[in-house]
Structure formats: C-alpha cells, structure tokens
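Colleague: Pick one loop residue that deserves a close look and start there. Then work outward to whatever else helps me read the model.

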Amino acid sequence: MATDFTSERYARNMTSITAAEQALLADCRVLVVGAGGLGSHVLEGLARLGVGHISVCDPDVIEASNLNRQLLALETTIGRPKAELARERAAQVNSEVEVRAYQEAFPSARLEAELGSADLAIDCLDSIEARLVLEARCHEAGVPLVYGSIAGAYIYVGVSTAENPLVRGQAQAQGGASLEAELGNPYPTVSIAAGLQLELALKVLLGRAHPAQGFYVCDLAGFTLDFIDLH
C-alpha cells in the first residue's frame, strides 16, 4: 500500500517528525515484549506514530486486576488473550501497520526469530528475572532495548545495549527485589512511563542523540526527572 507521509494521518507529527523520518518509521521493525500496562500503551503509540512492523508477545489473558491501568483491559475483554486484543487494537488504530501477535512468553523460537530481524526491542515486562533474559538476548543479537519499569510513583527508563546493561545494573542496585510488586502500578505512572519509552524508541529508530550510559528516574510524587550514570 502506497502511503503519503504528508497526509492528514501524520499531519500533527510535523515538524517534530519530518516526512522523510515518517517514511523511515514505516520501514522499522520493533518487538514489544509484554502487552500489559506498559505494553498496551507502547503498542498504541507505535501504531499511531506509524512504525510499520510491530511484533508483540504476551502469554496472558485480561484479568479484573488489569482494569486500573491496561489499555486493552475492559470489562468486556476479561478472559481474552492480550496478544489477540493487541493485534485488533493496532489494526483499528492504523491499518497501514503490520502487527504480528504471539500468545507466548519470551524467549521462544519464533520470538527469537522476531528479535533477530528487529531494529529495536521494547521491554514491557513486570519481573526482573524476565527482563534480564530479554536484555541478554538483545545484547547477543545486537539489538538495542528500550528498558522501562515502574514502582508506585517511580519510573525507570533508558536504552540498554551491551555497553550499557541497564537491567543488570538496576537489579544489582535493588538487590534483585521487585519494587513494582511492593509499591503498585497506578495508571498515571504506567501511561507516563510508556510515553517516555516511546520517546526513547523514536530517538533510537530515527538516529537521534540520547544518553547511552545510564537511565532516567522520574518521581511523579515529587515531579522530578533525574539521570543516573551507571559508569
């Protein structure tokens, strides 16, 4: 399908994203790991931005406890697979985007293949153990990873590479504990964290400069944003 990247669909992206950059996004391939709180918002943003090829994976179904924060969670979707809902939602948002959805957890043979052809992976998981596996696989494949996690009013985001292993660094700082389970995940924190991840994803995909030696910590309770240098 031929696409006019100066059309009304993308008019409000200009001039933050140029027509040439919009065309570049249409050729990009992104793997979103997780379609829950962060993942549902990240997927929505990628589709609206016009990222042309998106793969998303999640083995879970919608539960009532997801209703407080997950974009795909409605009273009418409880019990349905998140991956299936993610594909449907993205198609409704932007039919020009190709979305592959997998109702399985990373890693798997199919998802490893998706990662191997991706320009970028986005971490939307909810456990340090799973994130460490994803980060290791990304480093092995040479694929940058946009890391994101939340805990109460706190947000942690950054770009992980083999030279800047953010998940391992934060896991060591926290002693391996999952603060999300302890402090919760309210909607404002989730939606803002996803927005920050999307901005970092844009910088990576479009070759724009971004800090590569640490991660950002946002405290919504105190309205602060700090950069933590791990080196």
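Modeller: Phe 223 is exposed, with a relative accessible area of 78%; buried would mean under 20%, exposed is over 50%, and partly exposed is anything in between, using a 1.4 Å probe and protein chains only. The residue sits in the loop between strand 7 (214–219) and strand 8 (224–229). Helices and strands here are DSSP runs numbered from the N terminus, with H or I and at least four residues for a helix, and E and at least two for a strand. What makes Phe 223 worth a look is its phi, near 55 degrees, a positive value in a residue other than glycine. Most residues other than glycine have a negative phi, and most peptide bonds are trans.

Before you lean on that, remember that this is a predicted model: local features need pLDDT of at least 70, side-chain atom pairs count only at pLDDT 80 or more, and totals for chains, interfaces and linings use all residues. Residues are numbered from 1 along each chain as its sequence is written, and side-chain values use heavy atoms, with hydrogens and water left out.

While we're on backbone oddities, there are cis peptide bonds to check too. One joins Met 14 and Thr 15, with omega about 0 degrees, and Thr 15 belongs to the segment before helix 1 (19–26). Another joins Phe 106 and Pro 107, with omega about 5 degrees; Pro 107 is in the loop between strand 3 and helix 4.

Phe 106 also turns up around Leu 115, a helix 4 residue. At 1% relative accessibility, Leu 115 counts as buried. Leaving aside neighbours within four places in sequence, Leu 115 is in contact (heavy atoms within 4.5 Å) with Phe 106, Leu 31, Ala 121, Arg 137, Cys 138, Ala 141 and Val 143. Leu 134 is 19 residues from Leu 115 in sequence, and their C-alpha atoms are 9.8 Å apart.

Now for the charges. Side chains of opposite charge can pair when their charged atoms come close. Searching the whole structure gives 12 salt bridges, each being a side-chain nitrogen of Lys or Arg within 4 Å of a carboxyl oxygen of Asp or Glu. Helix 4 takes part: Arg 100 pairs with Glu 114, their closest N and O atoms 3.1 Å apart. Arg 100 lies in strand 3 (residues 98–102) and Glu 114 in helix 4 (residues 109–116), so this pair ties together parts 14 residues apart in sequence. Arg 100 is partly exposed at 36%, while Glu 114 is buried at 9%. Arg 110 bridges to Glu 104, with 2.3 Å between the closest N and O atoms. Arg 110 is partly exposed at 49%, whereas Glu 104 is buried at 17%. Through shared partners, salt bridges join Arg 29, Glu 98, Arg 100 and Glu 114 into one network. Elsewhere, Arg 80 and Glu 84 form a salt bridge with closest N and O atoms 2.4 Å apart; Arg 80 is partly exposed at 26%, and Glu 84 is partly exposed at 30%.

Helix packing comes next. Helix 2 (residues 37–49) and helix 3 (residues 82–93) pack at about 30 degrees, with axes 9 Å apart. That makes helix 2 roughly parallel to helix 3. The contact is made by Leu 43, Glu 44, Ala 47 and Arg 48 of helix 2 and Ala 86, Arg 89, Ala 90 and Val 93 of helix 3. (Axes are lines fitted to C-alpha atoms, for helices over the stretch in contact, and angles run from 0 to 180 degrees between N-to-C directions; under 35 is roughly parallel, over 145 roughly antiparallel, 65 to 115 roughly perpendicular, and the rest oblique.) Glu 44 of helix 2 is buried, at 11% relative accessibility. Not counting residues up to four places away in sequence, Glu 44 touches Leu 71, Arg 89 and Val 93.

Finally, swing back towards strand 7 and find Ile 155, in strand 6 (residues 154–160). Ile 155 is buried, with a relative accessible area of 0%. Beyond four places in sequence, the residues Ile 155 touches include Tyr 216, Val 217, Cys 218 and Leu 220, along with Ile 192. Ile 155 and Ile 192 are 37 residues apart in sequence and 8.3 Å apart in space, C-alpha to C-alpha.
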